[in-house]
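Biologist: Before we talk about this model, could you go through the labels attached to it and explain what each one rests on?

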Amino acid sequence: MKSGEFEFGDRIQLQDEKGRMISFTLAPGEVFHTHKGFLKHDEIAGREDGAILVTSSGMKFQAFKPLLSDYVLGMKRGATIIYPKDLALIIGFGDIRPGMKVVEAGAGSGALSIALLNAITDSGTLTSFELREDFLPVAEKNVTDFFGRKPSNWKIVAGNFSEARDRLTERVDRVVLDMLAPWEQIEIASHILNPGGVLIVYVATTTQLSRTAERIKEIGTFSEPMSFETLLRPWHHEGLAVRPEHSMNAHTGFLTIARRVGRDGVLPRRRRPAKGAYSTDL
Ligand SMILES: C[S@@+](CC[C@H](N)C(=O)[O-])C[C@H]1O[C@@H](n2cnc3c(N)ncnc32)[C@H](O)[C@@H]1O
């Protein structure tokens with residue numbers, strides 16, 4: 001079949017006339033039931049991506065293969081996921097590219113794992129550490145369903161990221177941390193990163209942000225960390241009514257990014273400390 005057509009094994013996302021979405025995997029012989037008729041999977045296979053499908057009782061759906069962002073928002077969760085806008089910023093600012101060796105912790109529900117695997121392609125490798133055994137099958141199922149198979153370049157490890165130095169056979173290009181206490185793991189991240197590698201830390205609160213950034217500076221093997229809050233403000237547009245949406249997720253998180261320096265160490269910054277930065281200023 002052509003890539004612009006649905007085939008068995010594909011995820012399919014249906015949107016009705018009210019904008020409600022439902023998604024499932026296309027399988028031979030299966031039937032999708034609605035309150036207004038049914039759709040046979042066998043009749044969906046071979047249809048064009050983006051087609052309008054009509055049930056046996058005339059209900060209409062626009063059908064697409066889901067985007068990564070649609071998929072992660074719709075998938076079953078164990079732990080809280082990283083939202084698509086933050087996934088995009090992690091991939092972009094973390095400069096995560098095909099062929100790279102990446103480590104993440106914790107795997108949680110696997111949303112970040114999916115985005116990382118997508119970015120590194122088959123030529124890269126991803127190792128995901130997860131402390132909680134009960135989250136492993138959730139992440140595994142979500143990743144496997146997204147790619148249609150368990151990626152052979154993905155290793156999910158049941159255990160603490162603090163064991164990463166012993167459990168990895170080589171250094172990596174990127175480390176991404178999304179956990180409650182990332183500042184406890186900065187030293188390990190430093191040990192496993194190649195010189196020039198990038199550490200990316202996602203946190204939700206200012207106290208986590210501060211502890212993480214200070215630990216990165218203290219350890220002496222990273223460049224000056226850069227931190228920013230990530231906001232996305234959706235807009236409504238209908239004729240002349242062009243305005244921000246009435247509701248938005250005002251806050252999801254902060255990203256902190258730093259480079260692993262080489263053997264020469266960190267070039268000290270020449271600057272005056274900000275007023276009030278340290279208690280001795282008071
Ligand atoms: C917010 S969730 C991660 C969600 C994930 N990034 C996603 O997008 O689906 C945080 C996860 O980190 C795990 N965790 C916390 N500390 C850890 C550690 N030191 N090593 C490995 N996993 C850890 C927790 O069990 C939890 O599942």
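Modeller: Let us start with Asp95, which in this predicted model has 14 C-beta neighbours inside 10 Å and therefore counts as partly exposed.

Biologist: Why is Asp95 called partly exposed rather than buried or exposed?

Modeller: A residue is buried with 20 or more other C-beta atoms within 10 Å and exposed with 12 or fewer; the 14 neighbours of Asp95 fall in between, so the label is partly exposed.

Biologist: What makes the backbone of Asp95 worth a remark, and where does this residue sit?

Modeller: Asp95 has a positive phi of about 50 degrees although it is not a glycine, and its place is in the loop between H3 and S7, just after H3. Most residues other than glycine have a negative phi.

Biologist: Which class does Thr121 fall into, and how do you know that?

Modeller: Thr121 has 13 other C-beta atoms within 10 Å, and because exposed requires 12 or fewer and buried 20 or more, Thr121 is partly exposed. Its phi is near 60 degrees, a positive value in a residue other than glycine, and Thr121 lies in the loop between H4 and S8.

Biologist: What makes the peptide bond between Ala105 and Gly106 cis?

Modeller: The omega of the bond joining Ala105 and Gly106 is about -15 degrees, and the bond is listed as cis. Most peptide bonds are trans. Gly106 is found in the loop between strand S7 (101–105) and H4, and Gly106 is also one of the closest residues to the ligand, together with Ala79, Gly108, Ala111 and Met179.

Biologist: How many residues surround the ligand, and which elements give two or more of them?

Modeller: The shell holds 23 residues, and the elements that give two or more residues to this shell are H4 and strand S8 (125–130). By class, the shell has twelve nonpolar, eight polar and three charged residues.

Biologist: Which residues of helix H3 are buried, and what covers them?

Modeller: In H3 (residues 84–93), the buried residues are Asp86, Leu87, Leu89, Ile90 and Ile91, a label that calls for 20 or more other C-beta atoms within 10 Å. Their cover includes helix H4 (111–120) together with strands S10 (172–177), S11 (193–203), S12 (226–230) and S15 (253–259). In the chain as a whole, buried residues make up 34% of the 282 residues.

Biologist: What makes S1 and S6 a pair?

Modeller: Pairing needs at least two bridges between the strands, and S1 and strand S6 (residues 60–64) are joined over three bridges in the antiparallel sense, with the condition thereby met. Gln15 stands opposite Gln62 in S6. These strands belong to an open sheet of four strands in the order S2-S1-S6-S5, with antiparallel pairing, and its edge strands are S2 and strand S5 (52–54), each of which pairs on one side only.

Biologist: How many bridges join S3 to S4, and what connects these strands?

Modeller: Four bridges join strand S3 (residues 31–34) to strand S4 (residues 37–40), and the two run antiparallel; a hairpin connects S3 to S4 through two residues. The bridge partner of Val31 in S4 is Lys40.

Biologist: Which domains does the assignment give, and how many residues make the contact between them?

Modeller: The assignment gives domain 1 (11–66) and domain 2 (70–281), and the contact takes five residues from domain 1 and four residues from domain 2. On the side of domain 1 that touches domain 2, the elements giving two or more residues are strand S1 (11–15) and strand S2 (21–25).

Definitions and conventions:
Residues are numbered from 1 along each chain as its sequence is written. This is a predicted model: local features need pLDDT of at least 70, side-chain atom pairs count only at pLDDT 80 or more; totals for chains, interfaces and linings use all residues. Two residues are in contact if their C-beta atoms, placed from the backbone, lie within 7 Å. A residue is near a molecule or strand if its C-beta atom, placed from the backbone, lies within 6 Å of it. Ala, Val, Leu, Ile, Met, Phe, Trp, Tyr, Cys and Pro count as nonpolar, Asp, Glu, Lys and Arg as charged, and the others, Gly among them, as polar. Domain bounds come from an automatic or database domain assignment.
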